[in-house]
Amino acid sequence: MAGNRTFTMIKPEAVAKGYAGKILDHIITGGFKVIAMKFTHLTLQQAQAFYAVHKERPFYVELTEYMSESPIVVIALEKDNAVADFRTLVGSTDPNEANEGTIRKRFAESKAKNAVHGSDSDENAAVEIKFHFKDNEIFA
Ligand code: ADP
Ligand code: MG
């Protein structure tokens with residue numbers, strides 16, 4: 001069904017600080033169903049491929065080096081209106097601008113190291129889930 005899936009990553013600094021469990025609880029309490037999940041460590045090449053859409057942005061090198069520096073948790077999620085509702089749950093890119101009670105307000109340390117990723121469209125959610133998971137790793 002279109003529109004009911006999104007993709008997230010618990011980013012390197014959040015995993016390293018031991019926040020993965022609390023972030024996962026926040027996501028599940030927020031009404032999302034985990035349909036696929038794994039612990040992984042992206043190579044620089046994988047991070048560059050995942051964020052190819054940001055290739056021309058000034059922070060691309062910093063972003064791809066950071067996202068490949070240590071392990072992350074990658075998760076596919078299901079919920080009605082998943083993409084938009086998850087971005088609301090996550091909050092603004094910069095934690096200083098994020099609403100109270102959002103994941104980034106609670107756990108992000110900076111605009112760059114902002115705890116989690118959230119897909120920005122149904123189309124990109126599908127691409128991002130496919131990037132990380134085979135069909136037989138998804139339990140919908
Ligand atoms: P979002 O993750 O909120 O969708 P973007 O897609 O604009 O944000 O950016 C992707 C990621 O790149 C952000 O989550 C953050 O980790 C990083 N980033 C964004 N803007 C900056 C910036 N100005 N400086 C450093 N890193 C940034
Ligand atoms: Mg984005």
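This is a short talk on ligand 1 and the pocket that holds it.

A word first on the source: the structure is a predicted model.

I'll start with the pocket. The largest pocket has a volume of about 680 Å³. Its lining is made up of 27 residues, and those closest to the centre are Tyr51, His54, Phe59, Leu63 and His117. Four elements give two or more residues each to that lining: the helices α3 (44-50), α4 (60-67) and α7 (122-132), and the strand β4 (116-118). The biggest share comes from α7, which supplies 4 residues. By class, the lining of this pocket breaks down into 12 nonpolar, 7 polar and 8 charged residues.

Now the ligand. Where does ligand 1 sit? Ligand 1 is in the largest pocket, the one I have just described.

Which residues surround ligand 1? Going along the chain, they are Lys11, His54, Arg57, Phe59, Glu62, Leu63, Arg87, Thr93, Arg104, Lys111, Ala112 and Asn114. Sorted by class, this shell has 6 charged residues, alongside 3 polar and 3 nonpolar ones.

Next, some individual contacts, which you can follow on the structure. The side chain of lysine 11 has an N or O atom 2.9 Å from an oxygen atom of ligand 1. For threonine 93, again through an N or O atom of the side chain, the distance to a ligand oxygen is 2.5 Å. Alanine 112 makes its contact through the backbone: one of its backbone N or O atoms is 2.7 Å from an oxygen atom of ligand 1.

How much of the accessible area of ligand 1 does the protein cover? On its own, ligand 1 has 530 Å² of accessible area, and the protein covers 82% of that.

To recap: ligand 1 sits in the largest pocket, with lysine 11, threonine 93 and alanine 112 among the residues in contact with its oxygen atoms.

Technical notes: Residues numbered from 1 in each chain as written. Chains lettered and ligands numbered in written order. Predicted model: local features only at pLDDT ≥ 70, side-chain atom pairs only at ≥ 80, totals over all residues. Heavy atoms only, no water. Near = heavy atom within 4 Å. Polar contact = N/O pair within 3.5 Å; in protein donor to acceptor, adjacent residues only side chain to side chain. Areas by Shrake-Rupley, 256 points an atom, 1.4 Å probe, with all protein chains shown as cover. 1 Å grid on protein atoms, 1.4 Å probe; cavity = no way out; pocket = protein on both sides within 12 Å on 5 of 7 lines; lining within 4 Å. Sits in = over half its atoms within 2 Å of the grid points. Nonpolar A, V, L, I, M, F, W, Y, C, P; charged D, E, K, R; others polar. Points joined across faces, edges and corners; volume = space filled by probe spheres on them.
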